[in-house]
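Please explain how charge and secondary structure are arranged in the protein shown below. A walk through selected features will do.

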Amino acid sequence: MAVNLVNVENVSKVYGTRTLLDGISLGVSEGDRIGVVGRNGDGKTTLIRMLAKLEDADSGRVTHSGGVRLGVLTQHDSLDSAATVRHEVIRDMADHEWAGNAKVRDVLTGLFGGLDLPGFPQGLDTVIGPLSGGERRRIALAKLLIEEQDLIVLDEPTNHLDVEGISWLARHLRERRSALVCVTHDRWFLDQVCTRMWDVQRGDVHEYEGGYSDYVFARAERERIAATEEVKRQNLVRKELAWLRRGAPARTSKPRFRVEAANELIKDVPPPRDSSELMKFASSRLGRTVFDLEDVTVQAGPKVLLKHITWHLGPGDRIGLVGVNGAGKTSLLRALAEAARTEGEVQPVAGRVVVGKTVKLAYLSQEVGELDPGLRVLEAVQQVRERVDLGKGRELTAGQLCETFGFNKDKQWTPVGDLSGGERRRLQILRLLMDEPNVLFLDEPTNDLDIETLTQLEDLLDGWPGSMIVISHDRFFVERTTDRVFALLGDAALRMLPRGIDEYIERRQRMEEAAAASAPAAVAKPATERSAADQRAAKKELQKIERQLDKVSEKESKLHARIADNATDFEKVAELDAELRGLLGEREELELRWLELAEDA
């Protein structure tokens with residue numbers, strides 16, 4: 001029988017006149033992996049802080065079993081700014097001791113990309129003080145995971161991690177023996193890690209068995225039976241369930257809900273979006289040309305991030321863009337946005353970006369734009385437009401769109417200066433959509449948004465007729481809102497991934513394995529001992545492979561254009577897709593050979 005680690009008995013918490021938690025009783029036992037969800041401000045963080053005894057309850061009590069070892073990651077770290085990473089994470093372990101410890105090696109490699117902490121100026125000896133908030137958070141997470149605990153409590157652990165880091169963290173937590181309580185908005189992560197869910201709503205906590213997919217079904221079923229939620233919200237939950245069942249079946253390894261019951265609940269729910277219909281509507285708004293990149297090179301300062309990129313973004317294309325940090329995702333969007341802003345006058349350092357004459361771009365950057373703090377929320381939206389046309393006969397007033405994004409009638413009169421970071425993010429997205437763009441660039445749109453707001457945003461984007469590029473570490477959001485995934489793997493190239501983010505993770509692992517495999521050879525035979533003839537031959541073959549890769553990229557771009565042109569001819573699209581897969585296989589072989597030769601050259 002599992003040992004009980006923490007008991008929460010009849011706990012209540014009030015802030016001002018608002019009751020966050022009202023008579024809550026919960027327990028955490030050995031082996032539990034619990035995900036905590038709910039709207040921003042409903043008390044998720046307060047609940048886990050009281051669970052960890054970092055905050056006192058107004059009434060009730062929280063008890064820990066004797067000797068329980070507890071590890072906590074809060075949203076604000078307690079690292080010593082004057083200390084080095086080595087001092088905080090490795091402590092007093094000798095180099096041979098920590099380097100020989102498999103857990104330490106796994107954590108450092110998973111969170112930082114290598115034992116020498118690439119990206120940190122002095123590696124492990126980097127002083128913490130000048131580091132960014134995201135870098136400090138990864139250090140705090142590494143420090144926690146290297147230690148042994150009976151229970152780990154994590155508040156938004158995936159913030160500031162890229163897709164690979166989140167994938168590694170999910171695997172690491174699944175393999176640990178520690179119990180887990182985790183607040184996160186990352187739905188893919190919840191499905192991968194959690195076996196129970198706590199849904200914090202209006203002072204109460206509802207418990208569900210299973211991961212996020214199971215929770216969506218159970219919640220939709222509970223709302224149907226209780227009939228306590230408005231029809232629109234019920235339909236939204238059922239729509240998300242429909243996507244989980246149809247768009248990405250078996251997201252959990254052992255689904256706990258009955259498939260027949262889930263299918264019955266969604267039998268009248270249409271697919272999330274009619275891609276063919278949206279493509280036609282987008283073409284009528286945009287014409288044939290949106291963005292055409294011809295042999296483009298993108299730089300950030302002196303660093304070349306992308307070179308010889310030929311790519312076509314057509315009307316109605318919904319693209320997810322993933323890649324290693326620093327590979328140029330944001331720089332690529334900025335280059336396209338600058339070309340659109342100046343109507344093609346400002347161009348990248350090499351090549352040319354052709355912008356369609358009818359393009360009306362809205363760009364959501366990672367930085368929250370400043371608004372007059374004295375403006376009310378509704379005034380900030382009406383400043384852009386009073387009504388918005390969402391296409392297919394859907395029209396919303398500024399007030400209705402505010403309500404869709406969680407700003408009720410009272411909240412609409414709140415001054416912008418009094419909003420939280422997540423609320424300002426929501427307002428920024430709302431204002432962008434209110435301006436009726438036909439092209440959207442969304443750079444990390446999920447930052448600071450709760451799951452309910454994300455679901456509402458996804459629902460809006462489902463029927464939005466235009467072209468879209470999304471950069472996000474939230475796999476669920478990328479899979480839910482886009483149709484194709486392109487990747488920047490750090491080699492200055494852009495390529496399409498037919499199998500999406502799963503293929504990206506696999507390719508990155510193969511690249512790392514190939515790099516690791518070449519390292520011993522380099523030690524055995526240093527470059528100084530290689531013959532000049534060997535080096536010349538390797539360089540010559542490298543140049544040949546690079547020319548072949550350029551030709552493959554050109555063919556890929558032409559195929560993408562042909563697929564876009566024949567979007568409604570499914571037989572032709574299938575034929576072209578098969579040709580594209582063959583090209584991708586050819587590219588993969590060339591890239592592996594390039595990696596093998598790079599060390600010799």
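Helices, of at least four residues, and strands, of at least two, are taken as DSSP runs and numbered from the N terminus. A charged patch is made of residues with over 30% relative accessible area and no salt bridge, like charges being joined within 9 Å. The model under discussion is a predicted one.

With those terms, the surface charge can be described. Glu294, Asp295, Glu546, Asp550 and Glu554 form a patch of negative charge on the surface. Two elements each contribute two or more residues to this patch, namely strand S10 (291-300) and helix H19 (532-565). H19 supplies the largest share, three residues. Among the members of the patch, Glu554 sits in helix H19, and its relative accessible area of 42% makes Glu554 partly exposed.

There is also a positive surface patch, made up of Lys544, Arg547, Lys551 and Lys555. One of its members, Lys544, is located in helix H19. Lys544 is partly exposed, because its relative accessibility of 48% falls in between the limits of 20% for buried and 50% for exposed.

Charged residues also pair with each other. Side chains of opposite charge can pair when their charged atoms come close. With a cut-off of 4 Å between nitrogen and carboxyl oxygen, the count comes to 31 salt bridges. One of them joins the side chains of Asp150 and Arg69, with an N to O distance of 3.1 Å. This pair links distant parts of the chain, 81 residues apart: Asp150 is in the loop between helix H5 (133-146) and strand S6 (151-155), while Arg69 is in the loop between strand S4 (59-64) and strand S5 (70-73). Both ends are partly exposed, Asp150 at 24% relative accessibility and Arg69 at 42%.

A second salt bridge is local. Glu338 pairs with Arg341, and the closest N and O atoms are 2.5 Å apart. The two residues are three apart in helix H12 (residues 329-341), so about one helical turn separates Glu338 from Arg341. Glu338 is partly exposed at 27% relative accessibility, whereas Arg341 counts as exposed at 61%.

A third pair runs between two helices. Arg475 and Asp502 meet through their side chains in a salt bridge, at 2.5 Å from N to O. Arg475 belongs to helix H17 (residues 475-481) and Asp502 to helix H18 (residues 500-524), so the salt bridge ties together parts that are 27 residues apart in sequence. Arg475 is buried, with a relative accessible area of 4%, but Asp502 is partly exposed, with 42%. Elsewhere, Lys13, Arg49, Glu55 and Asp58 are joined into one network by salt bridges that share partners.

The remaining features concern backbone and burial. Helix H1 (residues 44-51) is mostly covered, as six of its eight residues are buried. The buried residues in H1 are Lys44, Thr46, Leu47, Ile48, Met50 and Leu51. Lys53, just after H1, has a positive phi of about 60°.

Another positive phi occurs in a turn between strands. Strand S8 (residues 196-201) pairs with strand S9 (residues 204-209) in the antiparallel sense, over six bridges. Arg196 has Glu209 as its bridge partner in S9. The two strands, S8 and S9, make a hairpin with two residues between them, and Arg202 in the turn takes a positive phi of about 45°.

Definitions and conventions: Residues are numbered from 1 along each chain as its sequence is written. This is a predicted model: local features need pLDDT of at least 70, side-chain atom pairs count only at pLDDT 80 or more; totals for chains, interfaces and linings use all residues. Side-chain values use heavy atoms; hydrogens and water are left out. Patches are made of residues with over 30% relative accessible area and no salt bridge: like charges are joined within 9 Å, nonpolar side chains (Val, Leu, Ile, Met, Phe, Trp, Tyr) within 5 Å. Accessible areas come from the Shrake-Rupley method with a 1.4 Å probe; for residues, only the protein chains shown count as cover. Lys and Arg count as positive and Asp and Glu as negative; His and the chain ends are not counted. The place of a charge is taken as NZ of Lys, CZ of Arg, CG of Asp or CD of Glu. Buried means under 20% relative accessible area, exposed over 50%, partly exposed in between (1.4 Å probe, protein chains only). Two strands pair if DSSP finds at least two bridges between them.
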